[in-house]
Every structure is written in structure tokens, then in C-alpha cells.
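Let us take some labels a biochemist might see attached to a model and ask what earns each one. Please have a look at the display first.

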Amino acid sequence: MPGEQGKTVAHGLILRETETKETDKILTVLTAEMGKIPVIARGARRKNSRLAAACQLFAWSEMTLYKRGNWYYLDSADPEELFAGLQKDLVRFALAAYLAELTEAVTTEDAPHQGLLSHLLNGLYAVSVLRKPLPLVKAAFEIKLLCLAGYEPLADACAYCGCPDPQQPYFDVLQGVLRCGTCGEGRRGLPLCRDSLAALRHIVYGDPKRLYSFTLGPEAQKRLSAAAEAFVSAQLERGFRTLDFYKSVRCMDEPS
């Protein structure tokens, strides 16, 4: 909302930070009021800077901004949530970075994205505070994010025969539809099972407030994870360096 002397007050989450000059940062910030915006934080890297805490990755703050040309400048900030738990666990930090990069990929500048912002905040909370199983959070976040971004799949029945309870279900990640194992011959798809299909439907059609309130056995979790990641790749047609980083540190963290 507008403030005094041309200043604007907004709540924002840091998606990305880049060091520039000697003590400044360029921030990519997702706000409730203005969508994704570029912000220059002058002196944020200076020792004892009053802006330092609010300019960390994943910081959620009330920001006072002013605009010059195409850039916003950070005048002051009051941090409200820093997700400190992420700083103490490299694997969780890596997953959070992927969630942020994935969200950045489906947002545009200067357009409201309240639903996507809420989804990312809830995802970070699930990883940092609730400490939900990471593969479950990752898969649920990926699928629901694409739903919010306009890529919602049709998962209520087989897209070919209409059967609501497909035998040997497959998820066609290119078309974003469900099919029976005997339908859509020649179409690519990822195999699901009864439990992973139920989880997919919970994610797509269920209460967003209960997004992460389900459990899966190891095999069903593998199927859901593979389908979710393939769905992102097929729909967005790009890779993510933070996903590669998450996979590398998760491999190092797993017992040999």
C-alpha cells in the first residue's frame, strides 16, 4: 500500500539474492501486493546493517520501498519470519531453495500472486518448522504449484474411457491426464498405484490447508515423486539448478 513521500509498504519473501558492488544486494522478492519485483538493498552486506536480516534468502518481512525507474529500493524492513531451521540443515535448505526457484519460474513481475505466495510460505513452513518428510513435501508442492499456475491435471478419471477407478493407473505428464494401463496405447506416462493415485487426487482436489496431511509407503512415495518431478519437467520444459543441488546433498546425507 502507498506510504509517505512516494514510499510503498509491502510484505515480501526473498526468492533470490545476488551480491553486487561492495556492500549491496539485488533481491528477487515475491510480494502479496505487487507480485514478483526486483529490489536493490543498498548496504545490506555492510557489517551491522539494519537491512541484513531481512535480505537473507527466505526472509519474510514487512518492507518499505521506493521506486526509481524499473527498480525498487529497500528503505527499511521488519523481518517477521526467517525460517531459521533451514539454516541448520543443508538438505532442508537445498529443498527450500528449489521450492523458491520453482515458484519464481511460474510468477511474473508486477502481477499479484497471492495464492502462489501463500503456497510457498506453507511449503517453507512444512520443511522448516513442521519437518514433514522431504519427498512428500517436494512432490505435493510441485503438483499443487502447477495447479495454481494454471497447469492443473485431470485426475478424477481415465481421460480415455472415463473409468473413475483406473486399473493399472498411469499419469500422462505431457497431457496432464490420468489413464488406465490399457487406454491411450502408445502414450507416455508414469505408473501409479492405488495409494499414489489417492495422494495425487488429495493434492489436486483437497483442502490446501491440509496439503501435507497424508502419508505414503516407500513404493507409493517413489511413484508419486517420479510423477510430480516429471510433470514439472514436461510442463515447464526446463531444469532447475537448485533441484540438482538438492539431489546431490540428499545423496550425501543418506546412510551408505
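**What earns each label**

Q: Why is Phe240 called buried?
A: Phe240 has a relative accessible area of 4%. The label buried needs a value under 20%, so Phe240 earns it. Do keep in mind that this is a predicted model.

Q: How many aromatic pairs does the structure hold?
A: There are 4 aromatic pairs in the structure.

Q: What makes the pair of Phe58 and Phe93 edge-to-face?
A: Their ring centres lie 5.3 Å apart, and the planes meet at 70°. Centres within 6.5 Å make a pair, and planes over 60 degrees apart make it edge-to-face, so Phe58 and Phe93 fit the label.

Q: Why does the pair of Phe58 and Phe93 tie together parts that are apart in sequence?
A: Phe58 sits in the loop between strand E3 (35-41) and strand E4 (60-68), while Phe93 belongs to helix H1 (residues 90-105), so the parts joined are 35 residues apart in sequence.

Q: Is Phe58 buried or exposed, and how do you know?
A: Phe58 is buried, because its relative accessibility is 1% and the cut-off is under 20%.

Q: Why is Phe93 called partly exposed?
A: Phe93 has a relative accessible area of 23%. Partly exposed lies between the 20% limit for buried and the 50% limit for exposed, so the term suits Phe93.

Q: What makes Tyr98 and Phe240 an edge-to-face pair?
A: The centres of Tyr98 and Phe240 are 5.8 Å apart, with 75° between the planes. That satisfies the limits of within 6.5 Å for the centres and over 60 degrees for the planes.

Q: Which parts does the pair of Tyr98 and Phe240 tie together?
A: Tyr98 lies in helix H1 and Phe240 in the loop between helix H5 (218-236) and helix H6 (241-253), so this pair links parts 142 residues apart in sequence. Tyr98 counts as buried because its relative accessible area is 0%.

Q: Which residues have the most contacts inside the largest nonpolar core?
A: They are Leu13, Phe58, Leu65, Leu74 and Leu200, in a core of 77 residues. Helix H3 (residues 134-151) gives the most to this core, with 10 residues. Beyond its sequence neighbours within four places, Leu13 is in contact with residues including Phe58, Trp60 and Phe83.

Q: What makes E3 mostly covered?
A: In E3, 7 of its 7 residues are buried. As for its pairing, strand E2 (residues 24-31) joins E3 in the antiparallel sense over 7 bridges, and E2 and E3 form a hairpin with 3 residues between them. Within E3, Val39 is the bridge partner of Leu27.

Q: How do you know that E3 pairs with strand E5?
A: E3 and strand E5 (residues 71-81) run parallel, joined by 2 bridges. At least two bridges are needed for a pair, so the count meets the requirement. Val39 has Tyr72 as its bridge partner in E5.

Q: Why does Arg179 count as lying over the face of Tyr170?
A: Arg179 is 4.7 Å from the ring centre of Tyr170, and the distance limit is within 6 Å.

Q: Why is Cys251 called exposed?
A: Cys251 has 55% relative accessibility, and exposed means over 50%, so the label holds. Cys55, in turn, is buried because its value is 0%.

Note on methods:
Residues numbered from 1 in each chain as written. Predicted model: local features only at pLDDT ≥ 70, side-chain atom pairs only at ≥ 80, totals over all residues. Heavy atoms only, no water. Core = buried A, V, L, I, M, F, W, Y, C linked by side-chain atoms within 4.5 Å. Buried < 20%, exposed > 50% of the residue type's maximum accessible area, 1.4 Å probe, protein only. Helix = DSSP H or I, 4+ residues; strand = E, 2+ residues; numbered from the N terminus. Contact = heavy atoms within 4.5 Å. Phe/Tyr/Trp six-rings, centres within 6.5 Å; stacked < 30°, edge-to-face > 60°. Lys NZ or Arg CZ within 6 Å of the ring centre and 35° of its normal.
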